[in-house]
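Good morning, everyone, and thank you for making time for this short talk. Please take a moment to look at the sequence and the structure before I begin.

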Amino acid sequence: MVKIHFGGSRSLSQKHFSFVSQVVQASLSAGASVHVGCAVGADQAVVHSALSVPSSLFVFAQFSQSGQGSFSGSAVQSVLSAQSAGASVSFLAGGPLSIPLRARLLRRSVVALRGCSFAVFFLAYPARSGSLNVAAQAVAAHIPVFVFP
């Protein structure tokens, strides 16, 4: 099964949300599984779009199941809803709470990226360093990267 890592900006315009849904739905229809983080914005849009096939949705959270370790950019309720719907959720995927948040976020994304055939990013302008760092990790791992501005 093809695994696709999705990510992107925490702040997307409304036009991005329908496009995210189209790309995710097309990927699921082709039989791919969806790997995604746990932030608001692009990650949250991907999670909601992939709930139609929860068995193909794999969410990687930097916080605990109780929400400990989350921050204002975390989509805690969306992640818990995905878990309730049957999606696979890996809590503390970036390591224990003793690891600083920024490092835990990057580590979480690298874990989500492992084994993926492609990486897709939906970026608002200007793009922030988090998504670009993950895209660089994908390139270093010879994973093709697709970016939608």
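Which residues in H1 meet which residues in H2? Before I answer, please keep in mind that what you see is a predicted model.

On the side of H1, the residues in contact are Phe-17, Val-20, Ser-21, Val-24, Gln-25 and Leu-28, and on the side of H2 they are Ala-45, Val-46, Ser-49 and Ala-50. If we sort the residues of this contact by character, we find seven nonpolar and three polar ones, while no charged residue takes part.

Let me turn to how the two helices are arranged. Helix H1 covers residues 14-29 and helix H2 covers residues 42-50, and they pack at an angle of about 50°, with their axes 9 Å apart. Because of that angle, H1 is described as oblique to H2. The crossing in which H1 passes H2 is right-handed.

My second topic is the cysteines. A disulfide is a covalent bond between the sulfur atoms of two cysteines. How many disulfides does a search of the whole structure find? The search finds zero, and we can follow the reason by looking at distances. For the sulfur of Cys-38, the closest cysteine sulfur is in Cys-116, and since 15 Å lies between them, they are too far apart for a bond; a pair would have to be within 2.5 Å to count as a disulfide.

Are these two cysteines buried or exposed? Cys-38 is buried, with a relative accessible area of 1%, and Cys-116 is buried too, with a relative accessible area of 8%.

Conventions: Residues are numbered from 1 along each chain as its sequence is written. This is a predicted model: local features need pLDDT of at least 70, side-chain atom pairs count only at pLDDT 80 or more; totals for chains, interfaces and linings use all residues. Side-chain values use heavy atoms; hydrogens and water are left out. Axes are lines fitted to C-alpha atoms, for helices over the stretch in contact, and angles run from 0 to 180 degrees between N-to-C directions. Helices (H or I, at least four residues) and strands (E, at least two) are DSSP runs, numbered from the N terminus. Angles under 35 degrees count as roughly parallel, over 145 as roughly antiparallel, 65 to 115 as roughly perpendicular and the rest as oblique. A crossing is left-handed if the near helix is turned anticlockwise from the far one by less than a right angle, and right-handed if clockwise. Contact means heavy atoms within 4.5 Å. Ala, Val, Leu, Ile, Met, Phe, Trp, Tyr, Cys and Pro count as nonpolar, Asp, Glu, Lys and Arg as charged, and the others, Gly among them, as polar. Buried means under 20% relative accessible area, exposed over 50%, partly exposed in between (1.4 Å probe, protein chains only).
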